[in-house]
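Hi everyone, thanks for coming. Let me bring up the structure I want to talk about today, and then we can walk through it together.

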Amino acid sequence: MRNWLRSIREIKGYSEKKVANLVGISQPMYHCIETGEKNPRVQTAQRIAKVLGFDWQLFFPEEKEGA
């Protein structure tokens, strides 16, 4: 579960559908990313981060720790 992602989205006042539309993915796909069921591709992570205003690498903490 990516509670941090949901919190950022809610603080912005965006619905899942609005973020999905701005990013160019379906709402069900965005929901799966937000709940952690699926991991986004790097490009998708970057677009979500740009729309919501955070570091896209938050999606990949295990890779950041190993660097």
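So, what covers the buried residues of helix 3? Keep that in mind for a moment, and remember that we're looking at a predicted model.

Helix 3 runs over residues 27-35. In this helix, Tyr-30, Cys-32, Ile-33, Glu-34 and Thr-35 are buried. And here's the answer to my question: the cover includes helix 1, helix 2 and helix 4. If you want to find those last two on the screen, helix 2 is 16-23 and helix 4 is 42-52.

Let's look at the two ends of helix 3. At its start, Ser-26 has a side-chain oxygen that comes within 3.1 Å of the backbone nitrogen of Met-29. After the helix you get Gly-36, and its phi is positive, near 90 degrees.

Now, how do helix 1 and helix 3 sit relative to each other? Their axes come within 7 Å and cross at roughly 125 degrees. We therefore call helix 1 and helix 3 oblique to each other. On the helix 1 side, Leu-5, Arg-6 and Arg-9 make the contact, and on the helix 3 side it's Tyr-30, Ile-33 and Glu-34.

Two of those names come back in a salt bridge. Glu-34 pairs up with Arg-9, and their closest N and O atoms are 2.7 Å apart. This one links distant parts of the chain, with Glu-34 in helix 3, Arg-9 in helix 1, and the two positions 25 residues apart. Buried or exposed, what would you guess for these charged side chains? Well, Glu-34 is buried, and Arg-9 is buried too.

The count of salt bridges is two, so let me show you the other one, between Glu-10 and Arg-6, at 2.9 Å from N to O. Why can these two meet? They're four residues apart in helix 1, so about one helical turn separates Glu-10 from Arg-6. Here's the textbook bit: an α-helix has 3.6 residues a turn, so residues three or four places apart point the same way. As for accessibility, Glu-10 is partly exposed at 44%, and Arg-6 is also partly exposed, at 42%.

Next, let's go to the start of the chain and zoom in on Arg-2. You'll find Arg-2 in the segment before helix 1, which covers 3-12. With a relative accessible area of 10%, Arg-2 counts as buried. So what does its side chain reach? The backbone oxygen of Ile-33, at 2.4 Å. The side chain of Arg-2 also has a polar contact with the side chain of Asn-39, again listed at 2.4 Å. Once you set aside neighbours within four places in sequence, the contacts of Arg-2 include Glu-34, Thr-35, Gly-36 and Phe-59.

Phe-59 is a good excuse to move on to the rings. How many aromatic pairs does the structure hold? Five. One of them is Phe-54 with Phe-59, a tilted pair with 5.8 Å from centre to centre and 55 degrees between the planes. Both of these count as buried, Phe-54 at 14% relative accessibility and Phe-59 at 3%. Then there's Trp-56 with Phe-60: the ring centres are 6.1 Å apart and the planes are at 70 degrees, so this pair is edge-to-face. Here the two partners fall into separate classes, as Trp-56 is partly exposed at 26%, whereas Phe-60 is buried at 11%. Zoom out a little and you'll see that ring pairs link Trp-4, Phe-54, Trp-56, Phe-59 and Phe-60 into a cluster.

Last stop, helix 2, where we find Val-19. How accessible is Val-19? Its relative accessible area is 0%, so Val-19 is buried. And who touches it? Leaving out residues up to four places away in sequence, Val-19 touches Arg-9, Tyr-14, Tyr-30 and Leu-52. You've met Arg-9 already, as the salt-bridge partner of Glu-34, and Tyr-30 is one of the buried residues of helix 3. For a sense of distance, the C-alpha atoms of Val-19 and Leu-58 are 17 Å apart, with their positions 39 residues apart along the chain.

To wrap up, if you take one picture home, make it helix 3, with its buried residues covered by elements that include helix 1, helix 2 and helix 4. Thanks, and I'm happy to take questions!

Notes:
Residues are numbered from 1 along each chain as its sequence is written. This is a predicted model: local features need pLDDT of at least 70, side-chain atom pairs count only at pLDDT 80 or more; totals for chains, interfaces and linings use all residues. Side-chain values use heavy atoms; hydrogens and water are left out. Rings of Phe, Tyr and Trp (its six-membered ring) pair if their centres lie within 6.5 Å; planes under 30 degrees apart count as stacked, over 60 as edge-to-face and the rest as tilted. Buried means under 20% relative accessible area, exposed over 50%, partly exposed in between (1.4 Å probe, protein chains only). A polar contact is a pair of N or O atoms within 3.5 Å; within protein, one must be able to donate a hydrogen and the other to accept it, and residues adjacent in sequence count only if both atoms are side-chain atoms. Contact means heavy atoms within 4.5 Å. A salt bridge is a side-chain nitrogen of Lys or Arg within 4 Å of a carboxyl oxygen of Asp or Glu. Axes are lines fitted to C-alpha atoms, for helices over the stretch in contact, and angles run from 0 to 180 degrees between N-to-C directions. Angles under 35 degrees count as roughly parallel, over 145 as roughly antiparallel, 65 to 115 as roughly perpendicular and the rest as oblique.
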